Amino acid sequence: MEKYKCLAVLMCLAVLAGCSVVTADENSIAIRHSAENNLLVQREADKHCASFGKQAVKVQESSILDTYIFRTSVSTFECVKELPKPAS
């Protein structure tokens, strides 16, 4: 029984960990994440791109890798300069 408690705790920690950066530079960022965790991924990309005075735009999401326990995906964002707003 103790073995299952330990496994449950480890699974919870892995889910809470959320995402990890695969690659990043001033023009883009790629993040591996839980397939259901899109909001936190967008926030991470926004934070990264904002450090360069840019906005994150999602350009690609890999197909979902389904393991026995987790479903993961890699999302790629481009960091772009803010586009001027059209005149009203």
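## Overall layout

From the N terminus on, the elements of the protein run α-β-β-α-β-β-β. That comes to two helices and five strands. The model is a predicted one.

Buried residues make up 22% of the 88 residues. The protein exposes about 6700 Å². Carbon and sulfur atoms supply 60% of that exposed area. Contacts between residues at least 6 apart in sequence include many that reach further: 47% of them join residues at least 24 apart.

## The β1-β2 hairpin

Strand β1 covers residues 19-24. Strand β2 covers residues 28-34. The two strands run antiparallel, and five bridges join them. They form a hairpin, with three residues between them. One bridge partner pair can be named: Ala 24 is matched with Ile 29 of β2.

## Two neighbours in β2

Ile 29 has contacts in several parts of the chain. Leaving aside residues up to four places away in sequence, Ile 29 touches Val 21, Thr 23, Ala 24, Ala 45, His 48, Ser 75, Thr 76 and Phe 77.

Ala 30 also lies in strand β2. Is Ala 30 buried or exposed? Ala 30 is buried, with a relative accessible area of 8%. With the same sequence neighbours left out, Ala 30 touches Ser 20, Val 21, Val 22, Thr 23, Val 74, Ser 75 and Thr 76. Take Thr 76 from that list. Ala 30 and Thr 76 are 46 residues apart along the chain, yet their C-alpha atoms are separated by 4.2 Å.

## The nonpolar core

In soluble globular proteins, nonpolar side chains tend to be buried together. Which residues make up the largest nonpolar core here? There are eight in all: Ile 29, Ile 31, Val 41, Ala 45, Cys 49, Ala 56, Phe 77 and Cys 79.

Three elements, β2, α2 and β5, give two or more residues each to this core. The largest share comes from α2, with three residues. Ile 29 belongs to this core, and its contacts include the core residues Ala 45 and Phe 77.

## The disulfide

A disulfide is a covalent bond between the sulfur atoms of two cysteines. A search of the whole structure finds one. Cys 49 and Cys 79 form the link, with their sulfur atoms 2.1 Å apart. The angle about the S-S bond is -65 degrees, and the link is left-handed.

What does the pair tie together? Cys 49 lies in helix α2 (residues 38-50) and Cys 79 in strand β5 (residues 71-80), so the disulfide joins parts that are 30 residues apart in sequence. Both cysteines are also members of the largest nonpolar core. Cys 49 is buried, at a relative accessible area of 0%. Cys 79 counts as buried too, at 6% relative accessibility.

## The salt bridge

Side chains of opposite charge can pair when their charged atoms come close. How many salt bridges does a search of the whole structure find? The search finds one. Lys 58 pairs with Glu 61, and their closest N and O atoms are 2.7 Å apart.

Neither partner is classed as buried. Lys 58 counts as partly exposed, at 36% relative accessibility. Glu 61 is partly exposed as well, with a relative accessible area of 35%.

Technical notes. Residues are numbered from 1 along each chain as its sequence is written. This is a predicted model: local features need pLDDT of at least 70, side-chain atom pairs count only at pLDDT 80 or more; totals for chains, interfaces and linings use all residues. Side-chain values use heavy atoms; hydrogens and water are left out. A disulfide is a pair of cysteine sulfur atoms within 2.5 Å. Helices (H or I, at least four residues) and strands (E, at least two) are DSSP runs, numbered from the N terminus. Buried means under 20% relative accessible area, exposed over 50%, partly exposed in between (1.4 Å probe, protein chains only). A salt bridge is a side-chain nitrogen of Lys or Arg within 4 Å of a carboxyl oxygen of Asp or Glu. A nonpolar core is a set of buried Ala, Val, Leu, Ile, Met, Phe, Trp, Tyr and Cys residues joined through side-chain atoms within 4.5 Å. Contact means heavy atoms within 4.5 Å. Two strands pair if DSSP finds at least two bridges between them. Accessible areas come from the Shrake-Rupley method with a 1.4 Å probe; for residues, only the protein chains shown count as cover.
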